[in-house]
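Thanks for sharing this one. Below are a few notes to read alongside the structure, as numbered points.

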Amino acid sequence: MEVAKYKIDDKELVFETGKIAKQTDSSVILKYGDSVILVTVVSKESEEERDFLPLLVEYREQTYAAGKIPGGFFKREGKPRDREIIYGRAVDRVLRPHFPKNFVEDIEVIIYLLSYDMEQEGDLLGILGASCALTISDIPFEGPIGAVRVGFIDGKFVINPSRSEIEKSDFNLLLAGKNDEIVMIEFQGKEVTEDILCNAIEFAMPYINDIIKIQNTLRDKIGKEKKEGQRIIPEKEIYEEIKKYREELEDALFMPEKTMREKILKESEEKIVKNLSEIFPEKEKQILYVLYETERKIVREKTLSDKIRMDGRKDREIRTVSCEVGILPRTHGSALFTRGQTQALVVTTLGTKEDEQRLSELEGEETKRFMLHYNFPPFSTGEIKPLRGPSRREIGHGNLAERAVEPLIPMENNFPYTIRVVSDILESNGSSSMATVCGASLSLMDAGVPIKSQVAGISIGLMEEKDDYILLTDIIGAEDHFGDMDFKVAGTRRGITAIQLDLKRKGLPFNLFKEALERAKDARLFILDIMDKTIERPRKKLSRFAPKVTAFFIPRERIGEVIGPGGRVIRKIIEKTDVKIDIDDETGKVTIYGSEYENIEEAKKTIEEIVQDIEVGKVYMGKVVKVAPYGAFVEISRGKTGLVHVSELSKQRVKRADEIVKVGDEIMVKVLGIDEQGRLKLSRKAAIEKGSIEVEKRKQVL
């Protein structure tokens, strides 16, 4: 067994290999604190000829890692949860650009979280473990890669902050890098400025470089010689034959309208493949590979030389943007955001506490009051596919958009609603996740959710050949396909809320990153101007179809009075006002839901009066609710009833209480005392003597 260690502040990052899972191509145990992951790598020659890299990354969290048994009937782990899919996708995006372009062997990277200390997320550990496992294997992986997480607390950067520290941090930055260049970014922040983000990356790079050195130390000791492996190596004659179609391909590729471009290009490709298959039989995968490489070269050369893009725009030009709100009459909030041929219909639905999502994570049962779901139906790209559950891509895009909008969502104390936003992509030609961000912002404002400002998103692309490069604002799908970068940035006028950086190249120089970041800011502000013209601030009133909610706090020790013996008091309030009432035993928070504000207010006043202190010696106007021979029971406040003994009903001697009062009478009573059990001792006689100067009139409910 070989071990390599690196100390980060007070914790040690430990790579171990050679002890377990020895039938794999390579395996690594990674330890950080009390968290432990196992990463295995297996590669095999593909049984069928391919023209792409079939890389599969799977991340799984074993429930025993946190000392738990899975819930449900089967009591075992099932299909991957959203978090596992999102973490797996993050690892995939880091690894994929670092294999040779023509390498086509099947590769599977499996990451198991074996022990979890509730502090470090599995995406960071997965990246490091996978990089190390591939680096020491014989697979031609061009690593290693380093990664860290950065937080920003009280004006200071924190390396690899814990989960509790992240909650206090202004942002959560997951950064992967290599050779002082950026490889991948996942970021969520509370309107963070570009300067702070750049400083955070500079702060993180020395740690990343050190982690790479540790992996190189392990490779020098036990690393296997890299194999050539299964690769697609087309015959040179195929390149020469496809060159004859260059002009035809160029005309098709640079046709401005997407649908026509795809139609003409598909016809040309089918013709080329058919013609060349006759010349080079059984070489279809090679032909397809060369065809893609030729198209990629045409697009990049023409874009760089002529500074004109595939759809005719200039490098900084944003497609035509249009916004509409309130387009669906029965929803709580709706918006249609269109940017070129990318269109998102985004709908907001407001719910109650009961609608919160309940998550069974390793940290324990959690609830989630803001959700954003992204759907990508096949008709959005003119395709035919069966509708199934959400794909990994849909889950990933929805998570990115959710992270972009979440920092703007008001706290539950200020807006006690559960909020679900759904984005249905109606047309897609690139950057539909950023269209979702824009549409979500508009939809939330249309629903009356008090977000403090609009949030918009944009994607910046890159094409680079040798020393020449061009940044492309608002990339279309084909530019993403043939380009080097998809840099998604979302934020407000004040700063950035989310970033996702995907690269097809091995790294992005820091100066180029800063330039792209500024380009994204200019584009974001331009789009925000258009959005503000549509709806500048949240509507003052919620939809009449939305549930009405209010929340307030009562003393925890008074909760029992509101509930009453056997729940009688709260049931009467609910029956009379036709509302739902939720009381948090730990905080004393009372949340009331109803269809009418008047009913909610009535229930709120009832509860407030129940918990209001009754003062000994004070005179109250009360209502007789029960008469017995020995006295009358008088309610002086909602839920507060006391006994007026027959001797306290009048100055004159009274044999029976019903000689003086009957049920429904309103009488003045004085509070003589409150016993240890909270029972009130009342007197009509004393109130009459005192007079009505201090009487507090109260509305009756029950």
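1. Let me begin with cysteine 323, which is buried, because its relative accessible area is 13% and the cut-off for buried is under 20%. Please keep in mind that the model is predicted, so this value, like the others here, is computed from a predicted model.

2. Does cysteine 323 have a partner, and which cysteine sulfur is nearest? Cysteine 323 is in no disulfide; the nearest cysteine sulfur belongs to cysteine 438, and it lies 7.4 Å away. A disulfide calls for sulfur atoms within 2.5 Å, and by this rule the count comes to 0 disulfides. Cysteine 132 is buried too, with a relative accessible area of 0%.

3. On to the sheet. Here 6 strands form an open sheet with mixed pairing, and their order is β1-β2-β3-β4-β6-β5. The edges are taken by β1 (2-8) and β5 (55-61); each has a single partner strand, so one side of each is left without a neighbour in the sheet. From one strand to the next, the twist averages 15°.

4. The β1 edge is a nice place to look at pairing in detail. β1 and β2 run antiparallel and are joined by 7 bridges; within this pair, valine 3 has glutamate 16 of β2 as its bridge partner. The two strands form a hairpin with 2 residues between them, and aspartate 9, in the turn, has a positive phi of about 55°.

5. Is strand β2 (residues 11-17) enclosed or open to its surroundings? Of its 7 residues, 6 are buried, so β2 is largely enclosed by the rest of the structure. β2 also pairs with strand β3 (residues 26-32), in the antiparallel sense and over 4 bridges. There, phenylalanine 15 has leucine 30 of β3 as its bridge partner. When you inspect these strands, recall that in a regular strand the side chains alternate between the two faces of the sheet.

6. At the β5 edge, the pairing is parallel: β5 and strand β6 (residues 106-115) share 7 bridges. Valine 57 stands opposite valine 109 in β6. Helix α1 (residues 82-95) lies across both β5 and β6, and α1 runs at about 140° to β5.

Key. Residues are numbered from 1 along each chain as its sequence is written. This is a predicted model: local features need pLDDT of at least 70, side-chain atom pairs count only at pLDDT 80 or more; totals for chains, interfaces and linings use all residues. Side-chain values use heavy atoms; hydrogens and water are left out. Two strands pair if DSSP finds at least two bridges between them. Axes are lines fitted to C-alpha atoms, for helices over the stretch in contact, and angles run from 0 to 180 degrees between N-to-C directions. Contact means heavy atoms within 4.5 Å. Buried means under 20% relative accessible area, exposed over 50%, partly exposed in between (1.4 Å probe, protein chains only).
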